[in-house]
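Trainee: I have a structure open in front of me and would like to learn how to read it. Could we go through it together?

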Amino acid sequence: MNEDIKFEELLKQLDDVVKSLESGDLSLDESIKQYQKGIELSNKCRQKLETAKEVVVKKMDD
Amino acid sequence: MSNDKYISVSALNKYLYYKFDTDLNLKVVYLKAEVSNVRFSKGILYFVLKDENAGISAIMYSSLMDKLDFELEDGMTVLVQGKVGVYTRRGTYSINVTNIEQVGLGVAYLQFLQLKDKLAKEGLFNEKIKLSLPKYPNNIALITSGSGDAMHDVISTISKRYPLVNVLLYPAIVQGDSAPKSVINAIDKVHLDGICDVIIICRGGGSIEDLSCFNDEELARVIYNSLIPTISGVGHEADFTICDFVASRRAPTPTGAAVVATPDKVDLLRYIDEKQVELVRNIKNKLIDGYNKYKQLSDSYILTNFRNVFTPYEERLSNLDKRLLMASPNKKIDDYGEKLTIEMIALNKVYIQFLKNKENSFKKNLDKLIILSPLNIMSKGYSVTFQMDKVITKIDDIDSNVLLTTKLVDGIVMSKVISVDGEKK
């Protein structure tokens with residue numbers, strides 16, 4: 001999974017995956033694929049949050 | 001150097017306390033002043049009494065406060081009676097209010113109300129047109145003093161809540177006459193840089209005068225026109241400025257602004273956990289559904305009684321088999337075989353009879369032959385005479401010079417011709 005994807009985008013993808021699974025329109029194979037993707041995404045989100053220690057502060061005066 | 005002339009701070013403050021306490025002019029003081037910076041803590045009301053040029057700290061006990069027929073508010077003009085005393089621990093002095101009456105609202109406060117009213121009428125505070133804050137900001141512009149506690153409060157709060165975001169500090173003067181222009185410049189620069197998706201404008205607590213730069217009309221309009229959503233967090237919970245009303249969101253304090261600007265990590269982790277639980281539950285349901293469908297199918301009549309599907313065919317087949325067997329030429333072949341065997345036996349019989357007959361007739365002929373055989377005749381005394389292997393039957397056949405060979409039944413006799421004498425006929 002791409003490291004550069006923003007947290008919000010990851011979270012949205014996770015939400016989409018859950019929604020698509022909830023819709024029940026997917027085949028079982030596709031469901032399992034989506035499930036795995038969802039678990040990856042949620043782990044990724046959690047990891048992003050837990051590994052970030054402090055905000056980057058940048059002074060913008062000229 | 002002798003230390004004798006040096007006294008302790010405590011001693012000085014105690015002396016001043018004594019001086020204040022014994023001064024008759026300070027025992028009962030009457031003041032007309034504007035109230036500002038009202039705050040309540042542990043049963044005591046703290047505020048500042050001021051005029052255009054000066055201020056004095058004031059305290060009032062809640063027992064007195066409860067008797068008032070009005071709420072003490074910033075900007076009020078009041079008539080106060082009280083005693084001035086020294087707080088020795090801090091070396092400050094204040095007036096302990098024993099009586100207070102409301103006169104009217106202060107000038108600064110009136111101006112504030114007028115501006116507020118004007119901007120409200122223009123629609124600058126209209127909630128409907130306010131920009132909404134990004135749920136997950138990427139870059140937060142922080143406009144505040146580069147040295148104040150407010151900055152540290154905001155950064156540490158954001159760090160705790162949502163460390164994925166970058167904070168870009170746009171330092172500004174947040175107190176005094178130059179403050180509005182400084183904040184406006186910072187807002188302009190944020191727009192110019194175009195990096196941030198939300199702006200926090202904040203400063204820590206202070207007197208109403210300290211915060212008054214956030215009541216600047218021009219600043220209010222710049223905030224109103226900002227293309228990036230703004231959060232104001234000025235002073236304390238009780239402090240309201242024009243900035244607060246015009247910003248996209250008002251937060252009670254700088255820390256509050258940081259909270260408003262960011263989602264909470266704990267909530268997010270919980271949200272992610274919930275999503276994961278949902279994922280697991282969903283896939284579980286899917287699998288259970290799938291299994292149930294499979295079970296339903298595998299339990300279906302057609303599968304469990306699969307053999308039964310063939311039963312009619314099997315019956316038909318076996319029926320046909322029987323009929324085929326009945327109709328088979330084998331029977332005929334067998335029948336013909338039997339007939340053939342009978343014929344063969346009959347044929348054999350005939351043939352054997354035929355052979356027997358032949359044998360019989362042969363035997364008869366053989367007997368005849370035996371009877372007629374020369375040997376048989378010879379055994380009765382007849383013989384055969386040859387000359388040069390030629391049977392002699394007539395006298396004319398004889399050559400007198402050649403030996404005669406006579407064959408008897410049991411041997412051969414050689415003889416010479418002595419005479420030949422023909423018989424008379």
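Trainee: Let's begin with chain B. How many helices and strands are there in chain B?

Mentor: Good place to begin, and please keep in mind that this is a predicted model. Chain B has 14 helices and 14 strands.

Trainee: And what pattern does chain A follow along the sequence?

Mentor: Chain A has two helices and one strand. Reading along the sequence, you meet them as α-α-β.

Trainee: What percentage of the residues count as buried in chain B, and what percentage in chain A?

Mentor: In chain B, 26% of the 425 residues count as buried. For chain A, with 62 residues, the share is 24%.

Trainee: Could you show me some buried residues? Which residues of helix H7 of chain B are buried?

Mentor: Helix H7 of chain B covers residues 217–225, and its buried residues are B:Leu219, B:Ala220, B:Val222, B:Ile223 and B:Tyr224. Now look at what surrounds them. These buried residues of H7(B) pack against helix H4 (107–122), H6, strand S9 (230–234) and helix H8 (242–246) of chain B.

Trainee: What share of the contacts in chain B with a separation of 6 or more is between residues 24 or more positions apart?

Mentor: That share is 64%.

Trainee: Next, helix packing. How do I describe two helices that lie against each other?

Mentor: Two packed helices are described with two quantities, the angle between their axes and the distance between those axes. Try it on chain A, where helix H1 (residues 7–23) packs with helix H2 (residues 28–51) at an angle of about 150°, their axes being 9 Å apart.

Trainee: Are H1(A) and H2(A) roughly parallel or roughly antiparallel?

Mentor: An angle over 145 degrees counts as roughly antiparallel, so H1(A) is roughly antiparallel to H2(A). Their crossing is left-handed. Residues making the contact include A:Phe7, A:Leu10, A:Leu14 and A:Val18 of H1(A), and A:Tyr35, A:Gly38, A:Leu41 and A:Cys45 of H2(A). Sorted by class, this contact has 10 nonpolar, six polar and three charged residues.

Trainee: H1(A) also packs with helix H10 of chain B. At what angle do they pack, and how far apart are their axes?

Mentor: H1(A) and helix H10 (residues 265–298) of chain B pack at an angle of about 25°, with their axes 10 Å apart. Angles under 35 degrees count as roughly parallel, and H1(A) and H10(B) are therefore roughly parallel to each other. This crossing is left-handed. From H1(A), the contact uses A:Leu14, A:Asp15, A:Val18, A:Leu21 and A:Glu22, while H10(B) brings B:Lys275, B:Glu278, B:Leu279, B:Asn282 and B:Ile283. By class, these are five nonpolar, one polar and four charged residues.

Trainee: How many residues does each chain bring to the contact between the chains?

Mentor: Chain A brings 30 residues and chain B brings 29. On the chain B side, helix H5 (149–161), strand S7 (166–171), helix H6 (179–193) and H10 each supply at least two residues. H10(B) gives the largest share, 12 residues. By class, the side of chain B that touches chain A has 16 nonpolar, six polar and seven charged residues.

Trainee: Now strands, please. What holds strands of a sheet together?

Mentor: Strands of a sheet pair through backbone hydrogen bonds, in a parallel or an antiparallel way. One pairing here joins the two chains: strand S1 (residues 56–59) of chain A pairs with S7(B) in the parallel sense over four bridges. To find it, look for A:Lys59, which stands opposite B:Leu169 in S7(B).

Trainee: What is the strand order of the open sheet of four strands in chain B?

Mentor: The order is S12-S11-S13-S14, with antiparallel pairing. The edge strands, each pairing on one side only, are S12 (390–391) and S14 (411–415).

Trainee: Which residues could I use to follow the pairings across that sheet?

Mentor: Start with S11(B) and S12(B), which pair over two bridges; B:Gln387 stands opposite B:Lys390. Their hairpin has two residues between the strands, and there B:Met388 takes a positive phi near 55°. Then S11 (residues 384–387) pairs with S13(B) over three bridges, with B:Thr406 as the bridge partner of B:Thr385. Finally, five bridges join S13 (residues 404–408) to S14(B), and B:Thr406 stands opposite B:Val413.

Conventions: Residues numbered from 1 in each chain as written. Chains lettered and ligands numbered in written order. Predicted model: local features only at pLDDT ≥ 70, side-chain atom pairs only at ≥ 80, totals over all residues. Buried ≥ 20, exposed ≤ 12 C-beta atoms within 10 Å, placed from the backbone. Axes fitted to C-alpha atoms, helices over the stretch in contact; angles between N-to-C directions. Parallel < 35°, antiparallel > 145°, perpendicular 65-115°, else oblique. Left-handed = near helix turned anticlockwise from the far one by under 90°. Contact = placed C-beta atoms within 7 Å. Nonpolar A, V, L, I, M, F, W, Y, C, P; charged D, E, K, R; others polar. Pairing = 2+ DSSP bridges.
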